[in-house]
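Student: I am new to this structure and should like to examine one part of it closely. Would you please take me through a pair of packed helices and the core to which they contribute?

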Amino acid sequence: MALKVTELCVIVPEGEAWAGEIRRRMVRAAESIGLSKEKCSDVALVATEMATNLEKHRAVLPIIRYGVTESDRRGQGLLIISEDRGPGIPHPEQALRDHYSTAGTLGGGLGAIRRLSDDFAIYSETPHPRGGFPGTVVVSRIWSNDPSSDNLFDCEALTRPKPGEIDNGDGVWFGQSGDSLQVAVIDGLGHGLGAKKAAQAAREELDGTGRLPLDAILDRLHRALQRTQGAVVGILRVDLKEGRATFAGVGNIDCRIYGSHPIRPISMNGSLGVVTPRFREESFPFEKGDVFVLTSDGISTKWDPADYGKSASASPLLLGSLLLRDHSRPKDDATVVVGRIG
């Protein structure tokens with residue numbers, strides 16, 4: 001387990017010929033972070049299988065997301081996410097077995113992706129009368145270093161800029177000390193370069209805040225961000241020794257806790273750096289096995305983890321990928337952080 005942040009890019013495949021282009025881009029990304037030749041070959045195979053599966057199964061609205069994951073314990077890794085909106089796989093577990101195919105192929109694609117990946121997850125749903133979110137999401141990540149499991153916290157942050165733009169106005173900050181974790185989601189006002197500079201200024205100000213009360217941290221951020229176009233920020237602190245968590249936020253940062261003591265603490269209205277906001281800390285029980293989700297307003301709030309069943313809730317990476325697919329807004333930067341303890 002570790003604290004991981006990935007900034008994602010998007011490729012929209014247009015026919016079978018795109019498999020080669022997707023493979024080349026993934027290999028270049030793998031080489032850029034120093035993956036070994038063997039691992040670059042694995043990346044090439046994973047990318048090819050993902051791209052050809054989307055074409056062979058005539059996926060609806062296919063997308064490949066990818067990005068470099070920065071981790072506190074595992075160095076860097078290349079994350080590749082294949083997603084579509086249908087038709088879905090009727091029996092995903094069978095599809096992971098070798099020689100199972102519904103498209104007349106050798107049936108080794110998904111199984112090979114799982115074998116070659118350090119992190120792997122799949123979600124698939126076929127259309128049904130009750131609604132839901134049909135389609136498939138396949139997640140694969142290959143790390144530069146061997147897996148490590150010496151961290152209590154398993155946290156995934158996925159963030160992307162507004163579609164069509166390069167600069168991401170959202171940001172994520174992690175701070176850990178022993179069995180205490182602090183995570184902040186930052187959304188620079190507007191989008192583009194100005195929002196990106198505000199988010200970066202907030203991250204730099206958060207460094208070294210240690211165990212200051214959260215309302216004191218937000219006040220410090222408010223003063224620092226007056227030199228920028230401002231931002232909204234939500235901060236969650238989890239203290240396992242005390243069995244409690246504390247949240248404080250200003251603006252549209254959504255925070256939810258699922259598990260033994262579900263709660264949805266509220267951010268105060270306002271914008272840091274623009275108008276003097278009010279601050280309020282909210283404290284509540286938090287135990288091992290609980291899950292937290294923080295999102296910027298680039299993710300709609302109209303979702304529930306029950307929509308995806310137990311498999312998605314068990315994997316922070318998969319749940320984050322599903323929220324990006326189904327609930328991210330097309331006209332804004334978007335960020336989701338999903339964390340699980342123990």
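Tutor: The model is a predicted one. Let us begin with the residues through which the two helices touch: in α1, Ala19, Ile22, Arg23, Met26, Val27, Ala30 and Glu31 meet Cys40, Val43, Ala44, Ala47, Thr48, Ala51 and Thr52 in α2. Of the residues in this contact, 10 are nonpolar, two are polar and two are charged.

The geometry comes next. Two packed helices are described by the angle between their axes and the distance between the axes. Helix α1 covers residues 18–32 and helix α2 covers residues 37–56; their axes lie 8 Å apart, at an angle of about 150 degrees. Angles over 145 degrees count as roughly antiparallel, and α1 and α2 are therefore roughly antiparallel to each other. The crossing of α1 past α2 is right-handed.

Both helices also take part in the largest nonpolar core, which has 28 residues. At least two residues of this core come from each of α1, α2, β3 (63–71), β4 (76–83), α4 (109–116) and β6 (135–143). The largest share, seven residues, is supplied by α2. Met26, Val43, Leu78, Ile80 and Leu110 have the most contacts inside the core.

Ile80 illustrates how these elements come together. Leaving aside residues up to four places away in sequence, Ile80 touches Met26, Val43, Val46, Ala47, Met50, Ile64, Arg65, Tyr66, Val138, Val139 and Ser140. A second, separate core has 24 residues, among them Val232, Val238, Ile253 and Leu294.

How values were computed. Residues are numbered from 1 along each chain as its sequence is written. This is a predicted model: local features need pLDDT of at least 70, side-chain atom pairs count only at pLDDT 80 or more; totals for chains, interfaces and linings use all residues. Side-chain values use heavy atoms; hydrogens and water are left out. Axes are lines fitted to C-alpha atoms, for helices over the stretch in contact, and angles run from 0 to 180 degrees between N-to-C directions. Helices (H or I, at least four residues) and strands (E, at least two) are DSSP runs, numbered from the N terminus. Angles under 35 degrees count as roughly parallel, over 145 as roughly antiparallel, 65 to 115 as roughly perpendicular and the rest as oblique. A crossing is left-handed if the near helix is turned anticlockwise from the far one by less than a right angle, and right-handed if clockwise. Contact means heavy atoms within 4.5 Å. Ala, Val, Leu, Ile, Met, Phe, Trp, Tyr, Cys and Pro count as nonpolar, Asp, Glu, Lys and Arg as charged, and the others, Gly among them, as polar. A nonpolar core is a set of buried Ala, Val, Leu, Ile, Met, Phe, Trp, Tyr and Cys residues joined through side-chain atoms within 4.5 Å. Buried means under 20% relative accessible area, exposed over 50%, partly exposed in between (1.4 Å probe, protein chains only).
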